[in-house]
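Please open the model in your viewer and keep the selection tool at hand. The stops below proceed from one residue outward.

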Amino acid sequence: MKKKSKRPSRQATLDIRTGLSPESLSQAFLDNLYYAQGRIPAIATRNDLYMALAYTVRDRLLARWVAGLERYSKYEVENDIRAVCYFSAEYLPGPHLGNNLINLGIVAEVREAMEQLGYSLDEIIEQEEEPGLGNGGLGRLASCFMDSLATIGVPAIGYGIRYEFGIFDQDFRDGWQVEITDKWLKLGNPWEMQRPELSREVKLGGHTEHYCDQDGRYRVRWLPAAVVKGIPYDTPILGFQGDTCNTLRLWKAEAIESFDFEDFNVGNYYAAVEEKIKSETITKVLYPNDEPEIGKKLRLIQEYFFVSCSLQDMIRIGELYGTGVEHFDKRFAAQLNDTHPAIAVAELMRLLVDEHDLDWARAWDITRNTFGYTNHTLLPEALEKWPVGIFGQILPRHLEIIYEINRRFLDQVREVFPGDEQRVARLSIIDESGGRYVRMAHLACLGSRAVNGVAELHSQLLTREVLRDFHEMFPDKFHNVTNGVTPRRWMVLVNPRLSALISEAIGDGWIRNLDELRGLENFADDPGFRNEWCRVKRDNKNDLAAFIAKRTDVAVNPDSLFDIQVKRLHEYKRQHLNALHIITQYARLKKNPASDCVPRTFIFAGKAAPGYMMAKLIIKLINSVAGVVNNDPDVNGRLKVVFLPDFNVKNSQLIYPAADLSEQISLAGKEASGTGNMKFSMNGALTIGTLDGANVEIREEVGDENFFLFGLKADEVHDVRRQGYDPQAYYRNSPDLKEAVDLIASGHFSAGDKGLFAPLVDTLLQRDDYLLFADYQSYLHSQDQVSAAFLDEHSWTRKSILNVARMGKFSSDRSIREYCDKIWKVKPV
């Protein structure tokens, strides 16, 4: 008689699902390879291996996720706790696998498990396609905050959009940026879980009807022209070596009925799927071009779609836990990450008044107590405004609600400032100067209990300039919360060599409490520690040099000074000021090829918005300068210029650890905060920068002597403009500047084509909106100081160590604690 096989015990099954030993992990990996991917090792592709390992790690996340929900449910019954809901149109989480291994604390165990099976963990991690669900710092900040919320133990949901195609992939053709569709979902996403049973319906267009109900109450009914369905996709977000696992919930748009059988049967095949196509367009792509009217409409629909789905979902969750809408603000604190989700103010009012029968006054109190608004810009053109006509076509009921909010508010303004109709016009949600627009920042300010900037200087300029009238009206509403970044990704994951060296010296408590990095100050003068620090930096530079050679075919010298500027391309960020300095250095070498020169590798990365032609021209200029400088025998390799294509979270993880010098050179008063400046400093780069954004606070923390300062201050920029800025005067009076500009204008970097860069040269000579010429000489002088400092390796290394040691303030954990205290009034569970 054949002996029956013994069924595995429940404990053995649990070990495969949740165990953290190399043996449990290798068995779980094989199980997922077999049963999730349908593969055996002999025929498994690299993506099969990645998916199997991702599912193995996800099981461990889900165990904590479910346990957390159980704890939360029990705790909620006995305690009034408030969950944080983070509303952001962008998230840039980066690749999940490596970060989750760190937060689970199983990097070594998984590496051993993979080695036992004959696989390389690093190669499997490299396979992951990152979600390109954001454009830059805004989305990356949101993801850092989600990491910190979970690490600190604050229950939170991040709400956003599941874009089918994210931020474009970037390539260069003849030095010009080319945009390529980002198909980040083409091989599947093992981290997300679809929740179709939690779908929400969203109305669009149509008109409203006003009537009195059977009790004689004034009511409004919205009769939409279209209804779409939002499907949530959940991704678990685990904190660092803790029990809290929060949720990133992203919404995908679908048609209520995706297929019309009747149309299909009569041969009208397009009409059969027309609703599906129109509905799914809403979440098809990140930031459609909003120059044409149709693009503006799609952008507004995107923002409203995810906000409406999210607020309906919050109401559902509140009811699940026995909280009615009359106590909505006691259960949730919702943060508006810039103006993109500001329509949430009007939507919550609609839901409370129209759908749940609350009176206006009570609904307005709940709304204001629910929301906080983070402003991320000082650029007037970046504060969203929607034409009233377009707004009314898409959201007719919301326009009526906004008019009523505005009417009541302006009555209040007239009471406080009688006779000041100019102030009334400036404060109005409706901009009536040159067309009629809905000002979303004004709606966000009015509908929030707190408004904050993201760096001390930024917050000061907000209250003095951009939102001055609101600050004078509601001074207690305004706060500052300086941005931060998570050290788990931006140190532990991206720079394991440096992290190991730090932990060996001061222990690993700094990973959760970044202030403990101060202990490194005791090692700044230790010769042995400095030598190890230099070795780590050199190894990181070797890694980046290899990556540069692979991606660009440019060979760079790891012993040279790696001078790096990586960020979104914009004129105010002044990548072209950096280019002018490179041209000056090149011109000096051409005039005297035998002169001493500190070897430098200038590294750029960043994307220009597809419709931003001046930013694209700056990219072309940098690539053209690289083509000349890198191949000139007089330079002889002492200067190299590289523009790395397709800057994203994944690529940046090689760049930040390898930098010697961080370029943070925006015009003072233009950058809200910046977070790249923090990532560079955390990884031992020294900064050359203006007193802009968080640079001010970084310099205060690391010490004046460890920061290369140049340029006008924000108030000096204002004075220069007020007095009448003449860029040509600076051009005429600076031989170095004139030489650099003339080289560009002469066609030296464009094969004799004098017209190629004429739009850029003419803009600088005639307007120079961001004062490159005014700051050029100061920048040049500071760069000469950088070269002199780099020659003294001991001094440079000491400065590098002190930069890292004094970066404790810039952890996103600190930022989140301040939000909890100042803005949300929540405590960890």
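**A tour from the core to the surface**

Select F391 first: leaving aside residues up to four places away in sequence, F391 touches L300, I343, W386, P396, H398, L399, I402, V438 and M440, where contact means heavy atoms within 4.5 Å. The model is predicted, so local features need pLDDT of at least 70 and side-chain atom pairs count only at pLDDT 80 or more, while totals for chains, interfaces and linings use all residues. Residues are numbered from 1 along each chain as its sequence is written, and side-chain values use heavy atoms, without hydrogens and water.

Next, add F87, L311 and W824, which together with F391 have the most contacts inside the largest nonpolar core, a set of 113 residues. Such a core joins buried Ala, Val, Leu, Ile, Met, Phe, Trp, Tyr and Cys residues through side-chain atoms within 4.5 Å; buried means under 20% relative accessible area, exposed over 50%, and partly exposed in between (1.4 Å probe, protein chains only).

Now select L589, F602, V625 and L639. They are among the 69 residues of another core, which lies apart from the largest one.

Then display the whole protein. Of its 829 residues, 60% count as buried. Its C-alpha trace spans about 100 × 90 × 65 Å along the principal axes. Residues 24 or more positions apart account for 76% of the contacts with a separation of 6 or more.

Finally, select I43. Is I43 buried or exposed? I43 counts as exposed because its relative accessibility is 52%.
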